[in-house]
Amino acid sequence: MPNSAPLVTGGFKNVLQDQWIHASDVFSAVDPDGDSIVQYNFNDLTAVPGSGLIWSNGVIVPAGTVVSVTPAELANVWIRGGDNAGSDALQVRVFDSQGGVGNWTDVNLITQAPTPKPTDIPGGAGHRSPQATACAGGP
């Protein structure tokens, strides 16, 4: 019986500007044969200043560069929302222990500006909102 390639599910992931998330938060992978996943590939397809980025084992990975990691290294792969609000295109691919290679799967990282938190009441210099007063040390 031939080996089936692993399957990857991506989709859309919302993040805030400059927010770091684990790469494993943007996809899921399964092998239909039950084979172990032995390698993950990531590729950032958005080479625009201020866009999101991939960080792997202490290094920012340049856009358009495929980074390969083992399951043990996956926890050291991070993705950061961009400085700019907008959409970043990423891709993920996985390999199984029997030589199966999954297709590149798209992940759309949607970077959103954080919701502003009012700290001052309009029209009154130095007046704090109830939210700011109730939160010791601020947000």
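Here is a short back-and-forth about the predicted model shown above.

Student: Before we start, what sort of model is this, and how are residues numbered?
Tutor: It's a predicted model, where local features need pLDDT of at least 70 and side-chain atom pairs count only at pLDDT 80 or more, while totals for chains, interfaces and linings use all residues. Side-chain values use heavy atoms, with hydrogens and water left out, and residues are numbered from 1 along each chain as its sequence is written.

Student: How many helices and strands are there in the protein?
Tutor: Helices (H or I, at least four residues) and strands (E, at least two) are DSSP runs here, numbered from the N terminus. Along the sequence the pattern reads β-β-β-β-β-β-β-β-β-β-β-α. That gives one helix and eleven strands.

Student: What share of the contacts in the protein between residues at least 6 apart in sequence join residues at least 24 apart?
Tutor: A contact means heavy atoms within 4.5 Å. Taking contacts between residues at least 6 apart in sequence, the share that joins residues at least 24 apart is 66%.

Student: And what percentage of the protein's residues are buried?
Tutor: Buried means under 20% relative accessible area, exposed means over 50%, and partly exposed is in between, with a 1.4 Å probe and protein chains only. The protein has 139 residues, and the buried part of them is 33%.

Student: Which residue of E10 stands opposite Asp44?
Tutor: Asp44 sits in strand E5, residues 37–44. Two strands pair if DSSP finds at least two bridges between them, and E5 runs antiparallel to strand E10 (residues 86–96) with seven bridges. In E10, the residue facing Asp44 is Leu90.

Student: Which strand pairs with E5 over three bridges?
Tutor: Six of the eight residues of E5 are buried, so the strand is largely enclosed by the rest of the structure. One of its residues, Asn41, stands opposite Ser68. The antiparallel partner with three bridges, residues 67–69, is E8.

Student: Asp44 is buried, so which side chain of opposite charge is nearest, and how far away?
Tutor: Lys and Arg count as positive, Asp and Glu as negative, and His and the chain ends are not counted. A salt bridge needs a side-chain nitrogen of Lys or Arg within 4 Å of a carboxyl oxygen of Asp or Glu. Asp44 has none, and its nearest side chain of opposite charge is Arg80, at 9.2 Å.

Student: Then which backbone nitrogen does the Asp44 side chain reach?
Tutor: Not counting residues up to four places away in sequence, Asp44 touches several residues, including Gly52, Ile54 and Ala89. Its side chain also reaches a backbone nitrogen at 2.9 Å, and that nitrogen belongs to Thr46.

Student: What does Arg80 pair with, and which residues end up in one network?
Tutor: A search of the whole structure finds two salt bridges. Arg80 forms one with Asp18, the closest N and O atoms being 3.7 Å apart, and another with Asp83, at 3.2 Å from N to O. Sharing partners in this way, the bridges make one network of Asp18, Arg80 and Asp83.

Student: Why does the bridge between Arg80 and Asp18 tie together distant parts of the sequence, and how many residues apart are they?
Tutor: Arg80 is buried at a relative accessible area of 15%, whereas Asp18 is partly exposed at 39%. Arg80 lies in strand E9 (residues 77–80) and Asp18 in the loop between strand E2 (11–16) and strand E3 (20–22), so the separation the pair spans in sequence is 62 residues.

Student: Which residue in E9 is the bridge partner of Ile54?
Tutor: E9 is joined to E3 by three bridges, running antiparallel, with His22 standing opposite Trp78. E9 also pairs with strand E6 (residues 53–56) in the antiparallel sense over four bridges. There, the partner of Ile54 is Ile79.

Student: Where is Asn57, and what is its phi?
Tutor: Most residues other than glycine have a negative phi. Asp18 has a positive one, near 65°. Asn57, partly exposed at 41% relative accessibility, is in the loop between E6 and strand E7 (59–61), and its phi is also positive, near 50°.

Notes:
A polar contact is a pair of N or O atoms within 3.5 Å; within protein, one must be able to donate a hydrogen and the other to accept it, and residues adjacent in sequence count only if both atoms are side-chain atoms.
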